[in-house]
Amino acid sequence: MKPFYDVISTTPVMAHAGLYSAGDQVGLVNTITGACADDKGQARLHSITIIDKAKQDKVMDVWIFNQSPTLDNVDNGAFSLADSEAAKCLGFVRIPAANYSDSALNSVATVSDIDMVLEGYAGKRDLYCVLQTRDTPTYANGDLILLFGLEQV
Amino acid sequence: MKPFYKVVTATPTLANAGAYLANDQVGAVTKLANIMADSGGRALLKSITFQDLDYNGLAFELWFFGTEPTTVADNAAFSMTDANAAKALGVVFFSDPTNQNTYDDVNNGHAVISCVKSINLVLKAAAGSRDLWMVMVTRDTPTHTDGKLHFLLGLKY
């Protein structure tokens, strides 16, 4: 059967944008809308691209969940969640600093060949993600766009 | 319907060919016409082979876009507005060791052939279009002539 690929984008809302500390959550919970082909369906994550309009080029972890997790803090607070919320986590992908490619004003990072299998929760086609910085970037709201390259199976 | 594969060839146009500085754009924005099988189609970029007939073999990056970006001219510092950067789909590095993929050079005395394999980057055309665009950005100081840079994009649909 022919595979079905899709690129799904999300733009984190950074209500407390500014200078972030290492370990901080960047934005809130983001929805990867329609990531799975059907309820409780599976998807194969091939690639993640981050468009960084602030050209910070900092290492970032992208945490992926099958249900929207309740986080302990808001944007620009330390990333923290209860064990019951962590149980919703399907995995994470690290965006290394070395993966950013610069233009004069902005940058783009891609991690490809990820090959992670994801599965939606019962009754849901969406997945969710949270960004956690591992460095000290400065962002304005809207500076980041994430693109998830998925194969729906 | 079974998946199928295709190799698409692209040759950037170098209107200001010659010596390039690090971070310069090499060539114009290259249109990958009808690279998708369908309007608004998607594909998995599996591999890129780069035929450098100028025999430079230096580090560069390839940016891919879902809609045509406005950037600078050939042989100028690579720059674009945030609105244009937002059209990007991803970037592929032709430089070891920052790329997680294999980077091989085979010097046959006339050209450098570089292969980046197992890329597995999902690409998507804009609604109503089968086209994508790409831009080459050098991170070194090559000397190029027009018509001597060829890319072979290996895609899975």
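Start by selecting chain B and colouring it by burial: 48% of its 157 residues are buried, meaning under 20% relative accessible area with a 1.4 Å probe and protein chains only as cover. On that scale exposed means over 50%, and partly exposed lies in between.

Before going on, a word about what is on screen: this is a predicted model, where local features need pLDDT of at least 70, side-chain atom pairs count only at pLDDT 80 or more, and totals for chains, interfaces and linings use all residues. Residues are numbered from 1 along each chain as its sequence is written, chains are lettered from A and ligands numbered from 1 in the order in which they are written, and side-chain values use heavy atoms, with hydrogens and water left out.

**Stay on chain B**

Switch to cartoon view. You should find one helix and 12 strands in chain B, where helices are DSSP runs of H or I with at least four residues and strands are runs of E with at least two, numbered from the N terminus. Trace the chain from the N terminus and the order is β-β-β-β-β-α-β-β-β-β-β-β-β. Chain B has a radius of gyration of 15 Å, close to the 15 Å from the globule rule for 157 residues, so it is as compact as a globular protein of that length. That radius is taken over C-alpha atoms, and the rule is 2.2 Å times the number of residues to the power 0.38.

Show just the C-alpha atoms of chain B and they fill a box of roughly 45 × 35 × 25 Å along the principal axes. Now turn on contacts (heavy atoms within 4.5 Å). Of those in chain B between residues at least 6 apart in sequence, 81% link residues at least 24 apart.

Next, the surface: chain B has an accessible area of about 6,400 Å², with 53% belonging to carbon and sulfur atoms. Areas here come from the Shrake-Rupley method with a 1.4 Å probe.

**Now select chain A**

What pattern does chain A follow along the sequence? Its elements read β-β-β-β-β-α-β-β-β-β-β-β-β. The C-alpha trace of chain A spans about 45 × 35 × 20 Å along its principal axes. Colour by burial again, and 54% of the 153 residues of chain A count as buried. In the contact view, 84% of chain A's contacts between residues at least 6 apart join residues at least 24 apart. As for surface, chain A exposes about 5,800 Å², and carbon and sulfur atoms supply 50% of it.
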